[in-house]
Amino acid sequence: ELASAYKISYQCEKAKETFRKYLETLSPDNREEIDFVNFQISTCDVIQELMANPVSFKSENAGAVINDDKPDFNPVISADGKSFAFMVSMKFYDAIMLSRLENGRWTTPENITPELQSDGDMYISCLSTSGNTLYLSKDDNINSDIYTCAYDGSRWGKAIMLNKNINTRYWESHGFESEDGQLLVFASDRPGGFGGLDLYISAKINGDWGPPVNLGPEINSPFNEERPFLINNGKTLFFSSQGHRNMGGYDLFRSDLTPDNRWGTPQNLGYPLNTPDDNVFFMPFNGGKSGYYSIYTEQGGFGKEDIYIITFDK
């Protein structure tokens, strides 16, 4: 914890020294922890490399209609750009909010948590292209499953669990549907993966989700991969990972399908979008040229955590 604190505060040499002291306390057969700590040491060098070559982007606060004085997070937008959903930390629970684009303006967000019959333990993953299907993960800190619910034109129905191809007795989270509604990418720690949480993809068969396929070692590292977003007709994947060329914690990555239908080497989205702390939930838009991201700031926004529109310069 001390080494991680040094790293988060960009004191990389102190972080390395402290990680090495911690290594001395581990038994030689604790390979999983030893490998993880050695990887954390290597991330200290990546921090310095990425900080020396920062990524250029513009960030714009999503404004007072979306953001308020409470933490606003987990933003998702439908592929048609007409529906926007996000989470708000209320006093006793995390609420699910929804806004529609009408006459070029976002409507006042509506709290749809009661319609979903959620107890505040469901978290947004995805809005379908039409904005009429919502994907959520239900997390009780012991288990996580993926749910979906539908809008009938006047109100949202109760959230229902996806089938047993997707949900198991293991941890499944964050289902994201492709623009055509035929692919679902999600995270799971079921047996047979490459690390802890791996990313899987399922195709629709006769109107329901079929057996999933692991996205393979190009995407999945020996550590955790989470929060996948699949865009550009299933050809571009944004996700967060504790592995790959990482600054520490979870970093945001992008991978594109190659002409031979393989996932390319994941590219770190770069500093300062990524930091040595956890960077987890980035909703890409406009083909990946921009996206929605929740940023924690001590000052300058409507609250300590606001939703921003990120636009990359290239």
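**Sheets, a hairpin and ring pairs in a predicted model**

Gly153 sits in the loop between strand 9 (144–150) and strand 10 (160–161); strands here are DSSP runs of E with at least two residues, numbered from the N terminus. This is a predicted model, in which local features need pLDDT of at least 70 and side-chain atom pairs count only at pLDDT 80 or more, while totals for chains, interfaces and linings use all residues. Residues are numbered from 1 along each chain as its sequence is written, and side-chain values use heavy atoms, with hydrogens and water left out. With a relative accessible area of 54%, Gly153 is exposed; the cut-offs are over 50% for exposed, under 20% for buried and in between for partly exposed, using a 1.4 Å probe and protein chains only. Glu226 is 73 residues from Gly153 along the chain, and the C-alpha atoms of the two are separated by 32 Å.

The two strands on either side of Gly153 belong to an open sheet. Four strands make it up, in the order 7-8-9-10, with antiparallel pairing; two strands count as paired if DSSP finds at least two bridges between them. Strand 7 (122–127) and strand 10 are at the edges and have a single partner strand each, so one side of each is left without a neighbour in the sheet. Strand 9 and strand 10 run antiparallel and are joined by 2 bridges, and Thr148 stands opposite Ile160 in strand 10.

Moving along the chain, Asn167 turns up in the loop between strand 10 and strand 11. Asn167 is buried, at a relative accessible area of 5%. Its side chain makes polar contacts (pairs of N or O atoms within 3.5 Å; within protein, one must be able to donate a hydrogen and the other to accept it, and residues adjacent in sequence count only if both atoms are side-chain atoms). The side chain of Asn167 reaches the backbone nitrogen of Ile146 at 2.8 Å, and a polar atom of that side chain lies 3.1 Å from the backbone oxygen of Leu162. Leaving aside residues up to four places away in sequence, Asn167 touches Asp145, Ile146, Met161, Leu162 and Glu172, where contact means heavy atoms within 4.5 Å.

Glu172 brings the story to a hairpin, since the bridge partner of Glu172 in strand 12 is Ser188. Strand 11 (residues 172–177) and strand 12 (residues 183–188) pair in the antiparallel sense over 4 bridges. The hairpin they form has 5 residues between the strands, and Gly181 in the turn has a positive phi of about 75 degrees. Strand 11 is mostly covered, with 6 of its 6 residues buried.

A second open sheet also has 4 strands, in the order 1-22-21-20, and its pairing is antiparallel. Strand 1 (57–61) and strand 20 stand at the edges with a single partner strand each, so one side of each has no neighbour in the sheet. On average, neighbouring strands of this sheet are turned by 30 degrees against each other, direction ignored; the axes are lines fitted to C-alpha atoms, and angles run from 0 to 180 degrees between N-to-C directions. Strand 20 pairs with strand 21 (residues 290–296) in the antiparallel sense over 4 bridges, and the bridge partner of Met283 in strand 21 is Tyr292.

Then there are the rings. A search of the whole structure finds 16 aromatic pairs; rings of Phe, Tyr and Trp (its six-membered ring) pair if their centres lie within 6.5 Å, with planes under 30 degrees apart counted as stacked, over 60 as edge-to-face and the rest as tilted. For Phe282 and Phe312, the centres are 6.0 Å apart and the planes are at 50 degrees, so the pair is tilted. This pair links distant parts of the chain, with Phe282 in strand 20 (residues 282–285) and Phe312 in strand 22 (residues 305–312), 30 residues apart. Both Phe282 and Phe312 are buried. Ring pairs also tie Phe57, Phe238, Phe282, Tyr293 and Phe312 into a cluster.

Charges meet rings as well: Arg190 lies over the face of Tyr200, at 5.3 Å from the ring centre, and the charged end of Lys204 sits over the ring of Trp209, 5.1 Å from its centre. A charge sits over a ring if NZ of Lys or CZ of Arg is within 6 Å of the ring centre and within 35 degrees of the ring normal.

Finally, some backbone details. Most residues other than glycine have a negative phi, and most peptide bonds are trans. The peptide bond from Tyr271 to Pro272, however, is cis, with omega near 10 degrees, and Pro272 lies in the loop between strand 19 (267–268) and strand 20. His244 has a positive phi, near 60 degrees, and is found in the loop between strand 17 (236–241) and strand 18 (251–256). At 23% relative accessibility, His244 counts as partly exposed. Asn261 has a positive phi too, near 70 degrees. Its place is in the loop between strand 18 and strand 19, and at 59% relative accessibility Asn261 counts as exposed.
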